[in-house]
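User: Please take a close look at one part of this model, the open sheet and what surrounds it. I would like one connected account.

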Amino acid sequence: MKRMIRALAFMIPMVLVASNSYAAVKAGSACTKVGTKSVSGGKSYTCIKSGKKLVWSKSVVVAKPSVTKPTPAPSASAIPVSVAFTPWASSFVTEDMTKAALSSTSAYLGTVKPSNAYTYTVDPAITESDRAWITKMLDYTNGAFSEVLQGRVKVYLGTTHEWSATVMRAAGDWVGDPKGPYPCSDGTRDAYCAGENIALMIYSDIYKPNSNYRWDVGRRSTPAHELFHTVQFALGGRNLGPDDPAHIPRWLMEGSANYFGYFMVDTLGIDSYGSGRGNQVSMNRAYKTVVPLVEYDNFTSDPYGIGQAATEYLIASVGFENFLNIWRFTKSEGTFAKGFAKATGIELSDFYAKFEGARGSMKIGSL
């Protein structure tokens with residue numbers, strides 16, 4: 001054992017000496033073999049013959065190799081979604097159009113910071129579980145449009161028409177017929193409506209004793225649907241008669257609110273956009289008889305589903321921001337036709353023609 005320790009003690013100094021002699025290479029000092037190269041301190045030396053001696057040549061600076069840093073691959077969230085939809089196309093896959101619209105809406109909204117900057121009056125009979133998801137949707141929608149809503153909205157959430165009428169009258173608020181016994185309803189079933197600064201939802205059917213009604217995707221979309229109406233008003237929409245040139249047709253007012261309600265249902269993981277669209281558009285019996293879109297501007301037809309399809313078509317073609325500009329420019333231009341053309345880049349009459357030519361691809365019947 002002592003011999004082994006002594007041997008190790010002997011070897012270690014030898015390694016150090018060898019290392020030091022290698023580091024001490026200098027131009028003109030002796031070397032042993034012609035052509036041998038040595039690199040020291042970033043300089044290269046070559047063993048050459050000088051007269052009868054072998055010596056190290058003058059040093060040559062060694063060029064550092066260039067290092068090309070690899071370009072990092074973009075993260076999945078940074079890669080734009082490729083959607084196979086051509087703006088104003090007449091023939092396409094329905095899902096491509098809806099994906100293009102939803103993708104554009106998501107991109108415009110970006111990362112949303114939910115906001116509870118609104119007045120909230122809730123019927124005590126609303127269960128905690130229902131209040132939780134409804135409030136989540138209201139906060140998210142309000143946060144998505146905080147720059148235009150700015151805490152201006154009053155939300156009423158009830159289970160009976162009597163409760164809603166009582167609290168709204170006490171607050172000096174109302175929506176619907178000012179002479180009616182109940183806000184925006186005759187009191188026979190669920191009621192949802194909105195004014196410029198008010199959103200009202202009365203879930204009377206759900207909360208009836210022994211009710212057979214359920215929280216289907218339509219009812220779950222109503223908080224965002226009604227709050228989007230207040231966004232429309234904030235952007236420049238007004239309650240005008242159909243003969244007023246700045247009147248915005250019901251297919252657009254209700255169809256866009258329908259679209260956004262189902263967008264929010266899907267975004268928050270409450271239900272799927274596809275299930276809402278199926279009920280309202282492709283499986284809606286109201287559209288078995290084909291009626292031109294332009295005629296869905298009254299209270300006797302169903303403008304919700306066909307307006308939702310038209311909204312998808314518009315957003316997929318011009319983007320969500322330009323879509324919102326329809327309300328802004330209608331106000332600034334004074335007429336819906338001029339505002340629509342400025343926001344979308346095509347005349348209103350051309351849009352109606354394009355829509356009718358494409359509605360078969362939207363799964364809503366065709367002329």
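**The open sheet and its surroundings**

Analyst: In this predicted model, G158 has I202 of β8 as its bridge partner. That pair belongs to a parallel pairing between β6, residues 154–158, and β8, residues 198–202. Five bridges hold this pairing.

Now the whole sheet. It is open and has four strands, ordered β5-β6-β8-β7. The pairing is mixed. The edges are β5 (119–122) and β7 (191–194). Each has a single partner strand, so one side of each is left without a neighbour in the sheet. On average, neighbouring strands are turned by 5 degrees against each other, direction ignored.

Two helices pack on this sheet. Take α3 first. Helix α3 spans residues 128–144 and touches β5, β6 and β8. Its direction makes about 160 degrees with that of β5. Helix α6, residues 217–235, touches β6, β7 and β8. The direction of α6 makes about 20 degrees with that of β7.

Back to α3 for its geometry and cover. The helix has 17 residues. From first C-alpha to last it reaches 24 Å, close to the 24 Å expected at 1.5 Å a residue. It is mostly covered, with 12 of its 17 residues buried. Among them are W133, I134, M137 and L138. The buried set also includes D130, T135, D139 and N142. Y140, T141, G143 and A144 are buried too.

Next, the edge strand β7 and its cysteine link. The structure holds one disulfide. It joins C184 to C193, with an S to S distance of 2.2 Å. The link is left-handed, with -90 degrees about the S-S bond. Its two ends differ in cover. C193 is buried because its relative accessibility is 13%, under the 20% cut-off. C184, at a relative accessible area of 25%, is partly exposed.

C184 has a backbone feature as well. It lies in the loop between α5 (161–171) and β7. Its phi is near 45 degrees, a positive value in a residue other than glycine. Most residues other than glycine have a negative phi.

C193 also leads into a nonpolar core. This core has 10 residues, among them M168, V175, C193 and I198. It lies apart from the largest nonpolar core.

That largest core has 77 residues. F145, Y313 and F351 have the most contacts inside it. Helix α7, residues 250–267, gives the most to this core, with 10 residues. Y313 shows what such a position touches. Leaving out residues up to four places away in sequence, its contacts include F85, W88, A89, F92 and M97. F351, K354, F355, A358 and M362 are also touched by Y313.

One of those contacts, W88, deserves its own look. W88 lies in the loop between β4 (60–61) and α2 (94–109). It counts as buried, at 18% relative accessibility. Its phi is positive, about 65 degrees, although W88 is not a glycine.

To sum up the part you asked about: β6 and β8 pair in the parallel sense. α3 packs on the sheet against β5, β6 and β8, and α6 touches β6, β7 and β8. On the β7 side, the disulfide joins C184 to C193.

How values were computed: Residues are numbered from 1 along each chain as its sequence is written. This is a predicted model: local features need pLDDT of at least 70, side-chain atom pairs count only at pLDDT 80 or more; totals for chains, interfaces and linings use all residues. Side-chain values use heavy atoms; hydrogens and water are left out. Two strands pair if DSSP finds at least two bridges between them. Axes are lines fitted to C-alpha atoms, for helices over the stretch in contact, and angles run from 0 to 180 degrees between N-to-C directions. Contact means heavy atoms within 4.5 Å. The expected span of a helix is 1.5 Å times one less than its number of residues. Buried means under 20% relative accessible area, exposed over 50%, partly exposed in between (1.4 Å probe, protein chains only). A nonpolar core is a set of buried Ala, Val, Leu, Ile, Met, Phe, Trp, Tyr and Cys residues joined through side-chain atoms within 4.5 Å. A disulfide is a pair of cysteine sulfur atoms within 2.5 Å.
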